[in-house]
Amino acid sequence: METVRAAERELMARLPEGALMQRAAAGLAAACADLLGRVYGRRVVLLVGSGDNGGDALYAGARLARRGAGVTAVLLAPERAHAAGLAALRRAGGRTVEITATAETDKTADTAKNGDTAKTADTAKNGDTAKTAETADTADTADTAKTFETAEHAIRNADLLLDGIVGIGGKGGLRPDAARLAAFADSARCAVVAVDLPSGVDADTGEVRGAAVRADLTVTFGTHKPGLLVDPAREYAGSVRLVDIGLDLPGEPVLEALQHADVRRLLPVPSGESDKYRRGVVGIAAGSARYPGAAVLAVAGALRGGAGAVRYVGPAGDAVLARFPETLVSDRGPRQAGRVQAWVVGPGAGDDASAVAEVLASDVPVLVDADGLRLADRDAVRARTAPTLMTPHAGEAAALLGVPREEVEGARLASARELAARYDATVLLKGSTTLVADPGGGAVRVNPTGTAWLATAGSGDVLSGLAGSLLASGLGALDAGSTAAYLHGLAGRFAADGAPVGAHDVADAVPEAWRDVRDLAD
Ligand SMILES: NC(=O)C1=CN([C@@H]2O[C@H](COP(=O)(O)OP(=O)(O)OC[C@H]3O[C@@H](n4cnc5c(N)ncnc54)[C@H](O)[C@@H]3O)[C@@H](O)[C@H]2O)[C@@H](O)CC1
Ligand SMILES: [K+]
């Protein structure tokens, strides 16, 4: 987030004080108004931390209060809340509930949880400020419990909740008092809007270590933060609305997502001079007696990926030919199978380490998937001069990194980067947000078209064939991986159309995805 901060500093130096925050708050208030439909008479609760994120919430609250909403700000650190924002809210008629800092969190947690909120309802209703304590040290447990009860009561009766606990300045997991408010937010029946990003998620990495607010909508300022695009944090963000506050972000972004127009430019389209060899031949070394289906599905993907021909090597030749008679089937190993422009190795390959080693020794681009990932020798991958694209899911990535699966799922961006660095290869980490990372650093591509329907057996085999085919037709590993993920996601959506799909349906829908991309960009 340093780049965002630097851009903010630069812009702030040129603008009147507070102008950026006013832009942010105006966008935030407008999004809240859209969500509420009618602002007048609605009850809005703000969760306000001690930084500028809380300031945004307070100014937005003031705007909503001026339009007739009943606004209550729950101040997590009353003495450090954004002073001008607080004054604006009070001028607009907003009320505050001041959380008395917890001295000993453990003791008070129970009291707060089973607290009888009826007792404190009056305090909340009669306007003005609930209990205040001088400092954290002097806070007594009864006061603390009471202020939390008041806050909980207000939250329970709210029509809209704004999470301004922390933004990009949040460090580590939420502190105990903040975590408690996040838990109240979780049980709120109304819509929750996160200010800039859900409090508790890591803005840079998308990691969530501990409690975090689950939002229905996140209104973010200036730029999409990685934490809003990468799982698991992405799930906490709900839908994301970007408010332009005029930031001019320098340098390379951390993440990028291809759009239709980008994919269209990348898709290999045959010209008048093309013949099947010029369009590229993709070799598929996959399948085994036990898993012939993986070979069939990888070939199915490869036939839809732009290569001029598909060569199959392995023990599932009969199954492949029965389904796809256009395949060139060889009964020799990859080295003797004839020239290809790229290899796919691994889907359903069982324990055939020799095919993996032969393919890795070739001088053409190679995609390694599934069993191939386990069988590939790391030094052999690192020694390659042609591009290598590895396509693990979280479990396979975890095995390669020697960490538990949950660690990869919790830190997808870092895991993809780490694996790319270790193997000196491009890594496509499959999952609900598929990421593609190059070994030299640079922006990681996040796929915007994924759908949960793609979590079906064999769907990864189709993706491998498709990406391998794009490699054979001349795309680099990063482009081939991200373009394949894009088309595959779209195909999954078209094939599913709201119902379960099989992997072969996804392969069948890939041409529709191509047409969609090419038509729309015309
Ligand atoms: N700088 C600017 O000009 C702008 C900043 N904006 C807002 O300002 C935010 C960043 O503000 P800040 O830098 O003040 O930082 P934040 O408001 O994100 O958080 C910092 C505050 O939270 C507390 N805190 C940190 N980690 C915590 C944790 N784990 N649990 C509980 N409390 C914690 C700190 O003590 C500090 O007071 C952005 O996310 C955005 O919402 C917007 O107003 C747009 C303009
Ligand atoms: K927030």
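The residues of the shell around ligand 1 come in three kinds: 11 are nonpolar, 10 are polar and six are charged. Bear in mind that this is a predicted model. In total, 27 residues surround the ligand. The closest are G51, D52, N53, G167 and G169.

Which helices supply residues to that shell? At least two residues each come from α1, which spans 2-14, from α2 and from α3. Of these, α3 gives the most to the shell, namely four residues.

Now the sheet. There are seven strands in an open sheet, paired in parallel, and the order reads β3-β2-β1-β4-β5-β6-β7. Why do β3 and β7 each have one side without a neighbour in the sheet? β3, residues 95-98, and β7, residues 239-243, stand at the edges, and each has a single partner strand, so one side of each is left free of a neighbour in the sheet. From one strand to the next, the twist averages 20°.

Take the β7 edge in detail. Strand β6, residues 217-221, runs parallel to β7, and five bridges join the two. Within this pair, T218 stands opposite V240 of β7.

Back to two of the helices, this time against the sheet. Helix α2, residues 19-36, lies across four strands: β4 (160-164), β5 (191-195), β6 and β7. Its direction is at about 160° to β6. Helix α3, residues 52-66, also packs on the sheet, where it touches β1 (43-48), β2 (70-75), β4 and β5. The direction of α3 makes about 165° with that of β1.

To finish where I started: α2 and α3, which lie on the sheet, both supply residues to the shell around ligand 1.

Terms used
Residues numbered from 1 in each chain as written. Chains lettered and ligands numbered in written order. Predicted model: local features only at pLDDT ≥ 70, side-chain atom pairs only at ≥ 80, totals over all residues. Pairing = 2+ DSSP bridges. Axes fitted to C-alpha atoms, helices over the stretch in contact; angles between N-to-C directions. Contact = placed C-beta atoms within 7 Å. Near = placed C-beta within 6 Å. Nonpolar A, V, L, I, M, F, W, Y, C, P; charged D, E, K, R; others polar.
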